[in-house]
Amino acid sequence: MLQNFILKGFQVKLPSRTKILNKLTIYNRPCRHCASRLYSSQKIQVLHCNLERKTLSKTNIFTVKTRRYTSEVDAQKKNGQIETLKDKTVIATNVKLKSSELRRLFSLAGPEKWTLTGAIGFLIISSSVTMAVPFSLGKVLDIIYDTTSDLGAAREKLDSLCLMLCGVFLLGGLCNFGRVYLMSISGQRMTQALRKQVFGAIMRQETQWFSKNSTGELVNRLSADTQLVGRNLSQNVSDGLRSFFMVGAGTGMMFYMSPSLALIGLCVVPPVSVLAVIYGRFVRSITRQLQDTLADTSELAEEKISNIKTVKAFSKEKRECESYAQRIENILTLAYKESLAVGSFYGLTGLSGNTIIILVLYYGGGMVATEQLTVGNLTSFLLYAAYVGISIGGLSSFYTEMNKGIGAATRLWEIVDREPKIPVSGGLRPVDRPHGEIILENVTYNYGGAPLLKGLNLHLHPGKSVALVGRSGCGKSTIASLILRLYDPENGRILLDGRDIRELDPVWLRSHLGFVSQEPVLFTGSIKENILYGLDEESTLEENDKEEAWLQAAKAAQLQELANQSRAGWERQVGAGGSELSGGQKQRVAIARAIVKNPKILILDEATSALDTYSEYLVDKALKEISRERTVLTIAHRLSTIQSADEVAVIGNGVIVEKGSYKELMEKPNGYFRELITHQTFMKPKEKS
């Protein structure tokens with residue numbers, strides 16, 4: 001995501017000694033135009049470094065400018081020249097790890113609590129076995145040094161000790177296997193559950209939200225971020241607990257063998273702990289930026305690959321490669337910063353571990369010389385010190401990965417926590433089938449901050465067809481989307497049989513609406529599967545009735561010839577996005593998908609735009625048959641489509657400027673519709689003047 005400054009200013013006239021500025025709370029509010037979340041501190045006093053204040057002594061007016069950051073993907077600029085990462089992002093290094101974030105992260109492991117409990121039990125046993133090695137080695141050395149004169153006794157003691165250790169180590173190996181296996185399967189299940197949760201949250205969002213969040217970014221969150229969080233809750237937690245246990249057990253054994261030597265060896269731990277806290281905050285911040293930049297790069301790749309025909313048509317392969325390479329360079333810049341921090345931290349922790357060894361050797365050697373410590377105990381102490389050093393490094397890795405997981409989880413929770421403006425379901429579900437009367441009352445709608453519809457009024461009578469005509473970009477397709485309730489109007493309302501559609505269950509509403517877009521989208525699968533996609537999931541039709549329904553829809557859309565061209569018949573694969581079909585064939589499949597549920601209302605957005613003349617004639621004939629006793633809204637430019645409509649509504653400047661039959665509107669000498677038709681390429685020569 002690109003991090004940009006937002007400057008906000010306000011003026012307050014106050015007495016000269018008023019301290020209200022230090023008490024004023026700034027709340028996070030969404031920007032109406034970009035709908036991005038504003039990230040700011042909660043109070044002005046913690047934003048001293050980002051605060052500009054000017055005092056006009058004569059008027060006692062304080063002018064305050066606060067700087068905030070907003071995360072935003074600007075789709076209009078993503079193909080432009082890419083600025084350097086330094087200009088686009090601001091690194092926030094003072095990011096604190098909140099206990100609430102940790103609790104929520106670990107709450108994802110709730111369903112796997114018993115599996116994880118078993119894994120932790122195995123972890124304790126296997127770690128205990130590992131920590132028994134230094135103690136056992138010390139005992140072996142003491143046996144050798146203490147019984148050098150009696151080799152038989154030494155051999156007997158060694159045999160019994162080694163036999164016991166073999167059994168202990170075998171148990172440790174089995175427990176280690178159990179730990180890794182249980183943690184792995186629980187991690188996979190948690191990742192799967194998290195992906196389902198995130199994907200469900202994405203599906204719940206309203207259509208307008210997707211125009212501000214690119215497909216590439218969402219796919220990156222669904223794949224990379226969920227994988228990172230799942231790995232943190234399984235493998236990373238397992239390794240972290242193991243390191244924590246070994247640090248605790250090793251430290252305890254060190255104090256058991258020699259408290260004074262343990263205090264000397266562990267004197268370097270406190271400064272390393274302080275360093276770890278500072279380092280963790282930086283890593284969490286840089287990881288979030290890295291994931292955002294990676295999502296931005298995935299967005300670019302997804303867009304260009306999915307539109308590869310356009311790229312090749314304009315011979316822009318080299319340019320797109322350079323653009324992608326530049327974004328990869330941005331990721332690499334962040335990765336360098338992360339690598340520098342990680343390398344520095346690991347280098348210092350490794351140095352601290354070696355310092356412990358040197359201190360133990362220096363002071364421990366003197367204690368052995370004065371017989372305050374045996375050779376076996378010193379060896380065990382050294383091994384425990386080494387284990388503690390290695391485990392501290394493991395805790396450092398655990399802390400690093402945990403911060404990365406928190407950064408990734410925060411991005412996912414932004415999606416999961418967001419309440420859609422238009423619910424997926426819920427509302428009134430009338431028992432009777434609607435009559436099909438639709439009224440748009442004083443509907444206003446803004447697009448990109450600019451008014452598109454300005455108090456539009458339109459009445460669609462039951463069983464009648466209305467052709468919606470207007471210049472490109474006047475809002476014809478927007479009206480169709482508003483009726484489908486893919487968007488909600490800014491003001492005004494849309495009524496179905498006298499009831500506001502915002503009161504109705506969206507699932508029920510759309511089950512009685514058939515929609516064919518100007519650019520039909522098909523899904524990977526067969527022709528039959530794509531047609532059946534249009535059936536209502538709550539349909540009570542039996543299998544035989546479903547078979548009959550989709551076959552009738554396919555025949556009405558003139559698809560028999562398409563099925564007969566392939567041996568697979570109706571099971572013929574359409575390819576990704578319908579790539580195996582022509583434009584007209586895709587349009588006919590989309591028409592069949594729209595009419596398979598026998599809708600009361602049909603919305604056709606240039607439904608026959610991609611058909612040849614003969615196919616258009618056949619489909620128009622089929623549409624006329626199925627349009628009987630149905631309300632039909634047709635968005636059209638073709639003359640034949642407009643002429644066949646019962647009524648023509650003309651949009652201009654965000655309102656309906658003319659309405660009537662085709663003949664009535666053409667008889668107006670200076671009418672808006674007549675002028676529009678005159679400039680259409682499909683205008684017949686005899687109608688031109």
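When I say two residues are in contact, I mean that they have heavy atoms within 4.5 Å of each other. Keep that in mind for later. One more thing before we start: what you're looking at is a predicted model.

Okay, let's begin with the membrane part. The UniProt record, an unreviewed entry, puts the "transmembrane region" feature at residues 114–138, 158–182, 263–282, 340–361 and 381–399. Let me pick out two of those. Residues 340–361 are 100% helix and 0% strand in the model, and the C-alpha atoms at the two ends are 31 Å apart. Residues 381–399 also come out as 100% helix and 0% strand, with 26 Å between the end C-alpha atoms.

Now, holes. The model has 3 cavities of 30 Å³ or more, and I'd like to show you the second largest, which holds about 50 Å³ of space. So who lines that one? The residues are Val268, Val269, Val272, Thr349, Ser352, Gly353, Ile356, Gly389 and Ile392. The elements giving two or more residues to that lining are helix H8 (269–306), helix H10 (317–369) and helix H11 (375–416). H10 has the largest share, with 4 residues. And what kinds of residues are they? There are 5 nonpolar and 4 polar ones, with no charged residues in the lining.

Let's move along the chain to the strands. First up is an open sheet of 4 strands, in the order E6-E5-E8-E9, with antiparallel pairing. Its edge strands are E6 (450–460) and E9 (499–500), and each of those pairs on one side only. Inside that sheet, E5 (residues 438–447) and E6 run antiparallel to each other over 8 bridges. If you want a spot to zoom in on, look at Ile438, whose bridge partner in E6 is Leu460.

Next is E7, residues 465–469, and here 5 of the 5 residues are buried. Which residues sit on which side? Ser465, Ala467 and Val469 are on one face, Val466 and Leu468 are on the other, and both faces are covered. E7 pairs with two strands that come much later in the numbering. One is E12 (residues 631–635), in the parallel sense over 4 bridges; the other is E13 (residues 647–652), again parallel and over 4 bridges. Val466 is a handy landmark: it stands opposite Leu633 in E12, and opposite Glu647 in E13.

Then comes helix H12, residues 476–483, with 7 of its 8 residues buried. Among the buried ones are Ile479, Leu482 and, yes, a lysine, Lys476. H12 is followed by Arg485, which has a positive phi, near 60°.

Hold on to Arg485, since that residue turns up again in my last stop, Leu504. Leu504 is in the loop between E9 and helix H13 (506–511). Is Leu504 buried or exposed? Leu504 has a relative accessible area of 2%, and the cut-off for buried is under 20%, so Leu504 counts as buried. What is around Leu504, then? Setting aside neighbours within four places in sequence, Leu504 is in contact with Gly426, Gly427, Leu428, Pro430, Arg485, Leu496, Arg499 and Leu509. Look at Leu428 in particular: Leu428 and Leu504 are 76 residues apart along the chain, yet their C-alpha atoms are separated by 4.5 Å.

That's my tour, thanks for listening!

Conventions: Residues numbered from 1 in each chain as written. Predicted model: local features only at pLDDT ≥ 70, side-chain atom pairs only at ≥ 80, totals over all residues. Heavy atoms only, no water. UniProt positions renumbered as here; feature names shortened; annotations may be inferred. Buried < 20%, exposed > 50% of the residue type's maximum accessible area, 1.4 Å probe, protein only. Pairing = 2+ DSSP bridges. 1 Å grid on protein atoms, 1.4 Å probe; cavity = no way out; pocket = protein on both sides within 12 Å on 5 of 7 lines; lining within 4 Å. Points joined across faces, edges and corners; volume = space filled by probe spheres on them. Nonpolar A, V, L, I, M, F, W, Y, C, P; charged D, E, K, R; others polar.
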